[in-house]
Amino acid sequence: MAYSAALDVAYNHYLTAYVPKTTQYDTHKKSELRSIYNSIVKLNKDAPLYILDTSSESRQFAVGLKEGARNLRNTIASLGGLDKDEMFGKKAAYSSREDIITAAYVGDSSEDGNAPSYNIEVTALASNQVNLGTFLPSDSKSSLAPGAYSFDITVNDLSYEFQYNVREGETNKELQERLARLITNADIGISADLMSDGRGNSSLRLTSMNVGLKNNKDYIFLVSDDKTSKRSGTIDYLGFDFMSRMPSNAEFLLNGEPHTASSNHFTINKMFEITLNGVSNSEGETAQIGLKTDLDSLTENVNNLISGYNAFIDTAAEYVTRHPKSNRLLGEMGHICRSYQPELEDLGFSFEEGGRLVMNEDLFKHSILSDESRSQFSTIKDFTDSILRKTDQISLDPMEYVERTMVAYKNPGHNFATPYMTSNYSGMLFNSYC
């Protein structure tokens, strides 16, 4: 049980510190997991024995490098698939008013260009809940007697108890600041800060991260100290149980029909992913969403590839001064680019100093539309496939780019699989939270 609990803590640390957002591309079939396992076994079988640099900078570099490779791989997967035949096949959506609505196509890539378009008029955005406490003289001594206090915050039917001590001579502002840090750092979906009225008074403000109303409730969170384990009195004194703004749902007209949503982010018919950014300026003002042309979709996919590739290069370049071996990675990525450079330049690509990619959209579209260049588009797929293989290699063994000293090779002809390589990386993960 102790080992399982420790593993849970390490995994949660990994998710919050390095993987704030997971995607559908982070799930795998059994066959894919089996293939990864077999690759690790083969890699470990021939791996020499190393002494690693175990500094916190090296841990951050190794974990960050692996996550950078994962993000680039997911970017490529999101462009239509990891198979060369499917690459860049994802269709793109447009919005005529991106200040009001942004749209992404999440339907089947096999759909033809006749997918329906929609007109949306936004009448209200979904809002979050705000609680505002009593304004108290900031520099005055707190009227709460010194001692242990507690209060409860209920979010999504889960109740969290917060305990703290009132110190002798503590001012109202000092107390409010401590509670703001306590609530925010608890990471329960509520941020807390201080408001000032400009006359020397301050108030504790609580804001929900989520928006909208769910489960027929008229609130997102509740605050009380009626049934708390320590001394009550916090709420009566600071007053941050007062809801100064109630949460509300988004309201919009879809092709003239009224609809509501508990979030500003939702899907329409499992085809378009919608994000509401603003309210229509006048009645009847709509934003149209639909599918872009195949050429525009292809251009957007290639731009997304370039953005993902450049983000990975920037991540590796951040560690050049502290980890010289990251220069090796940049050199390997540059070698891949140079292998395809002439053909890519014909399609509108250019290479900046430092290894970043830039694309001239007009030249790219003109090249794709010309008959002699249609076959050259396979070059982009070959280039992307090479990058994909490189990300898989980095994900399997990010330790290859960490400073290390080789101690001994394994006995040739008598070697066997060991968990050494993966244990090093996993150990860094544990050390990062211990």
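Two strands count as paired here if DSSP finds at least two bridges between them. With that in hand, Met-195 stands opposite Ser-203 in strand S10. The pairing in question links strand S9 (residues 190-196) to S10 through seven bridges, and the two strands run antiparallel. S9 and S10 make a hairpin, with four residues sitting between them. In that turn, Gly-198 has a positive phi of about 80°. The model behind all this is a predicted one. Its mean pLDDT is 84, and 85% of the residues reach 70 or more. The weak spot to keep in mind is residues 1-7, where pLDDT stays under 50; for that stretch the model has three contacts beyond four places in sequence.

Back to S10, which spans residues 201-211 and has further partners. Strand S5 (residues 128-132) is joined to S10 by four bridges, again antiparallel, and within this pair Asn-131 has Leu-206 as its bridge partner. Strand S6 is a short entry, covering residues 136-137, and it is tied to S10 by two bridges in an antiparallel run. Here Leu-136 is matched with Ser-202 of S10. Leu-136 turns up again further on, as a member of a nonpolar core.

Next come the open sheets. One has three strands in the order S8-S7-S11, with antiparallel pairing. Strand S8 (158-166) and strand S11 (221-224) are at its edges with a single partner strand each, so one side of each has no neighbour in the sheet. From one strand to the next, the twist averages 20°. Strand S7 (residues 147-155) is held to S8 by nine bridges, the two running antiparallel, and Gly-147 finds its bridge partner in Val-166 of S8. Helix H4 (residues 172-185) lies across S7 and S8, running at about 145° to S8. In the loop between S7 and S8 sits Asp-157, which has a positive phi of about 65° without being a glycine. That residue is exposed, with a relative accessible area of 58%.

Another open sheet is built from five strands, ordered S2-S17-S4-S13-S14 and paired antiparallel. Its edge strands are S2 (93-95) and S14 (257-261), each of which pairs on one side only. Neighbouring strands in this sheet are turned by 30° against each other on average, direction ignored. Inside the sheet, strand S4 (residues 118-124) meets strand S17 (residues 287-291) through three bridges, antiparallel once more. Ile-120 is the residue standing opposite Ala-287 of S17.

What about the hydrophobic side of things? The largest nonpolar core has 43 residues, and those with the most contacts inside it are Phe-88, Val-302, Phe-349, Phe-364 and Phe-383. Elements giving two or more residues to this core include strand S1 (49-52), helix H3 (56-77), helix H7 (325-346) and helix H10 (377-396). The largest share, nine residues, comes from helix H6, which covers residues 294-317. Val-302 shows how the packing works out around one residue: leaving aside residues up to four places away in sequence, Val-302 touches Phe-88, Phe-349, Met-359, Phe-364 and Phe-377. A second core, separate from this one, has 25 residues, among them Leu-136, Phe-151, Leu-175 and Ile-235.

Phe-88 deserves a comment of its own. Its place is in the loop between H3 and S2, and it has a positive phi of about 65° although it is not a glycine. Most residues other than glycine have a negative phi. Is Phe-88 buried or exposed? Phe-88 counts as buried because its relative accessible area is 7%, and the cut-off for buried is under 20%. Asp-157, by contrast, has a positive phi of about 65° but is exposed.

Finally, the helix pair H3 and H10. Their axes are 9 Å apart, and the packing angle is about 145°. H3 passes H10 in a left-handed crossing. On the H3 side, the contact is made by Leu-65, Lys-66, Ala-69, Arg-70, Leu-72, Arg-73 and Ile-76. On the H10 side, the residues involved are Thr-384, Ile-387, Leu-388, Thr-391, Asp-392, Ile-394 and Ser-395.

Notes: Residues are numbered from 1 along each chain as its sequence is written. This is a predicted model: local features need pLDDT of at least 70, side-chain atom pairs count only at pLDDT 80 or more; totals for chains, interfaces and linings use all residues. Side-chain values use heavy atoms; hydrogens and water are left out. Axes are lines fitted to C-alpha atoms, for helices over the stretch in contact, and angles run from 0 to 180 degrees between N-to-C directions. A nonpolar core is a set of buried Ala, Val, Leu, Ile, Met, Phe, Trp, Tyr and Cys residues joined through side-chain atoms within 4.5 Å. Buried means under 20% relative accessible area, exposed over 50%, partly exposed in between (1.4 Å probe, protein chains only). Contact means heavy atoms within 4.5 Å. pLDDT is the predictor's confidence in each residue, from 0 to 100. A crossing is left-handed if the near helix is turned anticlockwise from the far one by less than a right angle, and right-handed if clockwise.
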